[in-house]
Every structure is written in C-alpha cells, then in structure tokens.
Amino acid sequence: PLTHTMPKPLLKLNGKPLIVHLLNNLHANGIDEIVMNVFHLKDQIKDFLQDGSKYGVKITYSEETELLD
C-alpha cells in the first residue's frame, strides 16, 4: 500500500529515501554518471532527484511509456 502513492525508491530507510543510499554508495565508489529507468510515479522521482548534482552524480532519465519490467 505504501507504493500506491509513492514510488518505492523514495521510501525512507533510516530517515533517507532508499535511492539516496544507493546514489551515495555509487558516488563513494567512483560512479558519477547514472542512467535511471523510470515508470511508476516517475515525476516524483525526477522532481526529488532532479539532475543528481545534490548527490555528486549526473542522472539521465530513461522514461518508459509502458511497463517493460
């Protein structure tokens, strides 16, 4: 039920969205360019992460028009 109104990557763990934990780990390991596939509630994810600069990475979005799994 939590993901009916919020995308899973934005659910919080220890006070931070799950996706922020992932981005911090990627950045800490030298990965700074990310292509993120989005579909379900994609605007919430894009609005929250924007271009990724806040997390030290560059995010490019690949938007699905239909669910591809």
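Biologist: Which helix and which strand each supply at least two residues of the lining of the largest pocket?
Modeller: Bear in mind that this is a predicted model. The space in question comes to about 290 Å³. The elements that each put at least two residues into its lining are helix H1 (18-28) and strand E3 (33-38).

Biologist: And which element gives the most to that lining?
Modeller: H1 and E3 are both on the list of elements with at least two lining residues. With five residues, the top contributor to the largest pocket is E3.

Biologist: Which residues are the closest to the centre of the largest pocket?
Modeller: The pocket has about 290 Å³ of space. It is lined by 18 residues, and those closest to the centre are Pro 9, Met 36, Asn 37, Val 38 and Ile 45.

Biologist: How many residues of the lining are nonpolar?
Modeller: Let's sort the lining of the largest pocket by class. Two residues are polar and three are charged. The nonpolar count is 13.

Biologist: Zooming out, in what order do the elements of the protein chain run?
Modeller: The chain has two helices and four strands to place. Reading from the N terminus, the order is β-β-α-β-α-β.

Biologist: What radius of gyration does the protein chain have, set against a compact globule?
Modeller: The C-alpha atoms fill a box of roughly 30 × 30 × 20 Å along the principal axes. For 69 residues, a compact globule would come out near 11 Å. The chain agrees with that, because its own radius of gyration is 12 Å.

Biologist: What share of the residues of the protein chain counts as buried?
Modeller: First the surface: about 5000 Å² is exposed, and carbon and sulfur atoms supply 54% of that area. As for residues, the share of the 69 that count as buried is 26%.

Biologist: Among contacts between residues at least 6 apart in sequence, what share joins residues at least 24 apart?
Modeller: Here's one pair with a wide sequence gap: Met 6 and Leu 41 are 35 residues apart in sequence, yet 6.9 Å apart in space, C-alpha to C-alpha. Over the whole chain, the share of those contacts that join residues at least 24 apart is 57%.

Biologist: Is Leu 41 buried, partly exposed or exposed?
Modeller: Leu 41 sits in the loop between E3 and helix H2 (42-49), and its phi is positive, near 50 degrees, though it isn't a glycine. Buried would need under 20% relative accessible area and exposed over 50%. Leu 41 has 28%, so it counts as partly exposed.

Biologist: What about Gln 50: buried or exposed?
Modeller: Gln 50 is another non-glycine with a positive phi, about 50 degrees. Its place is the loop between H2 and strand E4 (58-63). The relative accessible area is 54%, so Gln 50 is exposed.

Biologist: Which residues is Met 6 in contact with, leaving aside neighbours within four places in sequence?
Modeller: Met 6 belongs to the segment before strand E1 (12-13). At 32% relative accessible area, Met 6 is partly exposed. Its contacts are Leu 11, Leu 41 and Gln 44.

Biologist: Last one: which residues does Tyr 61 touch, not counting those up to four places away in sequence?
Modeller: Tyr 61 lies in strand E4. Its C-alpha is 11 Å from that of Asp 43, 18 residues away in sequence. The residues Tyr 61 does touch are Met 36, Val 38, Ile 45, Lys 46, Leu 49 and Gln 50.

Key
Residues are numbered from 1 along each chain as its sequence is written. This is a predicted model: local features need pLDDT of at least 70, side-chain atom pairs count only at pLDDT 80 or more; totals for chains, interfaces and linings use all residues. Side-chain values use heavy atoms; hydrogens and water are left out. On a 1 Å grid over the protein atoms alone, a cavity is a set of points where a 1.4 Å probe fits but cannot get out, and a pocket is an open set with protein on both sides within 12 Å along at least five of seven lines; lining residues have an atom within 4 Å of a point. Grid points are joined across faces, edges and corners, and a volume is the space filled by probe spheres set on the points. Ala, Val, Leu, Ile, Met, Phe, Trp, Tyr, Cys and Pro count as nonpolar, Asp, Glu, Lys and Arg as charged, and the others, Gly among them, as polar. The radius of gyration is taken over C-alpha atoms; the globule rule is 2.2 Å times the number of residues to the power 0.38. Buried means under 20% relative accessible area, exposed over 50%, partly exposed in between (1.4 Å probe, protein chains only). Contact means heavy atoms within 4.5 Å. Accessible areas come from the Shrake-Rupley method with a 1.4 Å probe; for residues, only the protein chains shown count as cover.
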